[in-house]
Amino acid sequence: MFKIDVEKKLGSLLIKCNFEMESAGITAICGSSGAGKTSVINMTAGLITPDKGIISYNGKEFYNSEKHINLPANKRFTGYVFQESRLFPNMSVKKNLLYGADRKSNNSLNCSLDEVCGLLGITHLLDRYPQNLSGGEKQRVAIGRALLSNPEILLMDEPLASLDDSRKSELISYINIIQKHYNIPILYVSHSIDEILQLSDNALFMEQGISKYFGRTVEVLNKASIKVSSNESYNTIFEGNIEEYNSESSTALIRFGAGIVEAACENVSLGRKIRFSINIHDVVLSTKKPEGISIRNIYAGTVCDIIKQPNNIYDVAVDIGDIIWARISHGAYIELNISKGINIFVMIKSAAVSDTLKLVH
């Protein structure tokens with residue numbers, strides 16, 4: 001179990017972070033720029049000292065202000081992957097990888113060079129120097145170096161921020177491979193919803209230095225995205241599994257809380273976990289069951305919440321087995337006689353689902 005309950009004043013920002021996570025899986029720390037995400041993992045690593053509080057992992061206290069405990073960074077056994085690879089330019093890849101490999105704790109990983117290189121696909125790079133590596137290769141080496149320092153926890157601060165989309169996708173696969181292989185807890189800082197949806201089991205959402213929500217990724221992102229006093233657009237996020245796949249039409253049937261949703265996608269294996277999001281503008285409501293229309297995804301539900309937004313528009317939450325939000329005009333709100341508790345039908349275009357599919361590795 002990893003626990004953090006700390007306060008820290010940094011300039012005008014007061015960071016107050018409090019959450020506990022299990023000793024496995026990937027936990028994303030998300031929020032807008034300046035929310036305090038990086039400061040949280042820097043306090044975990046021992047690079048920043050909190051003003052007060054507790055940081056502990058599996059009963060071992062890294063920091064406790066009341067007990068005057070503050071372990072130095074090299075005694076916390078955390079591996080850190082930064083935004084930039086921070087490789088030593090005068091060292092070969094092999095020497096970079098082995099830097100810090102002699103430190104171990106009783107509970108840290110026991111990695112071998114060959115094993116890590118095999119998992120990350122960097123064996124052929126061992127004799128090269130950082131200036132001869134691509135951005136993606138540098139980050140894989142940086143991840144390898146962090147693993148070979150035999151950590152108990154892996155910290156990642158936006159490690160994909162400087163990469164293009166194809167390299168990001170590649171690195172996401174590698175991060176999942178090493179997490180599953182070593183079963184090491186990872187704290188992963190990111191502002192990218194796509195990365196978070198593909199990687200994380202849990203998420204911590206921070207806002208202006210405060211930890212606002214913590215829990216399962218989809219639940220946290222849905223709480224964080226709802227703008228209760230704004231007319232900004234937002235998405236409802238769902239999680240499901242591939243139930244059927246038709247290679248002839250390149251169409252998948254995905255089972256989620258509301259039942260089945262149909263979407264176009266590339267070949268995927270049955271049972272694969274997948275996440276998708278629906279924009280609030282792509283949801284259509286009807287008080288009668290629609291017939292003779294092209295929309296394939298239709299669900300019966302009950303209105304469970306209504307938020308009046310500026311400009312006389314309404315955000316309507318409907319329970320269809322999962323909660324989904326729709327945005328409607330004032331005229332539609334009146335004509336449909338929307339109120340909490342009424343039965344209503346929800347329609348979603350398949351294309352609106354297909355464009356947002358994210359496989360969970």
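Two strands pair if DSSP finds at least two bridges between them. Keep that rule in mind for the sheet on this tour. One caution before you click: this is a predicted model.

**Stop 1: strands β18 and β19**

Select residues 313-319, which form strand β18. Now add strand β19, residues 323-329. How many bridges join β18 and β19? The two strands pair over 7 bridges, in the antiparallel sense. Zoom in on Asp 319. Opposite Asp 319 stands Ile 323, in β19.

**Stop 2: the whole sheet**

Widen the selection to the open sheet of 5 strands. Read across it in this order: β16, β20, β17, β18, β19. The pairing is antiparallel. Which strands sit at the edges? They are β16 and β19, and each pairs on one side only. Look along the sheet next. On average, neighbouring strands are turned by 45° against each other, direction ignored.

**Stop 3: the full view**

Zoom out. The protein has 9 helices and 21 strands. Its C-alpha atoms fill a box of roughly 70 × 55 × 35 Å, taken along the principal axes. The protein has 361 residues, and buried residues make up 52% of them. Consider the contacts between residues at least 6 apart in sequence. Of these, 67% join residues at least 24 apart.

**Stop 4: two helices that cross**

Select helix α3, residues 113-120, and helix α5, residues 165-182. Their axes come within 9 Å and cross at roughly 140°. Why is α3 called oblique to α5? Angles over 145 degrees would count as roughly antiparallel, and 65 to 115 as roughly perpendicular; the crossing fits neither, so α3 is oblique to α5.

Show the side chains where the helices touch. From α3, pick Glu 115, Val 116, Leu 119 and Leu 120. From α5, pick Tyr 174, Ile 177, Ile 178, His 181 and Tyr 182. By class, this contact has 7 nonpolar, 1 polar and 1 charged residues.

**Stop 5: salt bridges**

Side chains of opposite charge can pair when their charged atoms come close. A search of the whole structure finds 15 salt bridges. Visit some of them.

Start with Glu 239 and Arg 275. Their closest N and O atoms are 2.7 Å apart. Glu 239 lies in strand β12, residues 235-246, and Arg 275 lies in strand β15, residues 273-279. The pair links distant parts of the chain, 36 residues apart. Is Arg 275 buried or exposed? Arg 275 is buried, with a relative accessible area of 1%. Glu 239 has 30% relative accessibility and counts as partly exposed.

Stay on β12 and select Glu 243. Glu 243 forms a salt bridge with Arg 255, and here the closest N and O atoms are 2.7 Å apart. Arg 255 belongs to strand β13, residues 251-256, so the bridge ties together parts that are 12 residues apart in sequence. Glu 243 is partly exposed at 34% relative accessibility. Arg 255 is partly exposed too, at 41%.

Next, select Arg 296 and Glu 262. Their side chains meet in a salt bridge, 3.3 Å from N to O. Arg 296 is in the loop between β16 (283-286) and β17 (297-309). Glu 262 is in strand β14, residues 259-264. The two residues are 34 apart in the chain. At 57% relative accessibility, Arg 296 counts as exposed.

Finish this stop with a group. Select Glu 7, Lys 16 and Lys 52, which are linked in a network of salt bridges.

**Stop 6: two unusual backbone angles**

Most residues other than glycine have a negative phi. Two residues here go the other way.

Select His 68. What is its phi? His 68 has a positive phi of about 60°, although it is not a glycine. Find His 68 in the loop between β5 (60-64) and β6 (69-70). His 68 is exposed, with a relative accessible area of 72%.

Now jump to Asn 183. Its phi is positive as well, at about 55°, and Asn 183 is not a glycine. Where does Asn 183 lie? Look in the loop between α5 and β9 (186-189). Asn 183 is partly exposed, with a relative accessible area of 48%.

How values were computed. Residues numbered from 1 in each chain as written. Predicted model: local features only at pLDDT ≥ 70, side-chain atom pairs only at ≥ 80, totals over all residues. Heavy atoms only, no water. Axes fitted to C-alpha atoms, helices over the stretch in contact; angles between N-to-C directions. Helix = DSSP H or I, 4+ residues; strand = E, 2+ residues; numbered from the N terminus. Parallel < 35°, antiparallel > 145°, perpendicular 65-115°, else oblique. Contact = heavy atoms within 4.5 Å. Nonpolar A, V, L, I, M, F, W, Y, C, P; charged D, E, K, R; others polar. Salt bridge = Lys/Arg side-chain N within 4 Å of Asp/Glu carboxyl O. Buried < 20%, exposed > 50% of the residue type's maximum accessible area, 1.4 Å probe, protein only.
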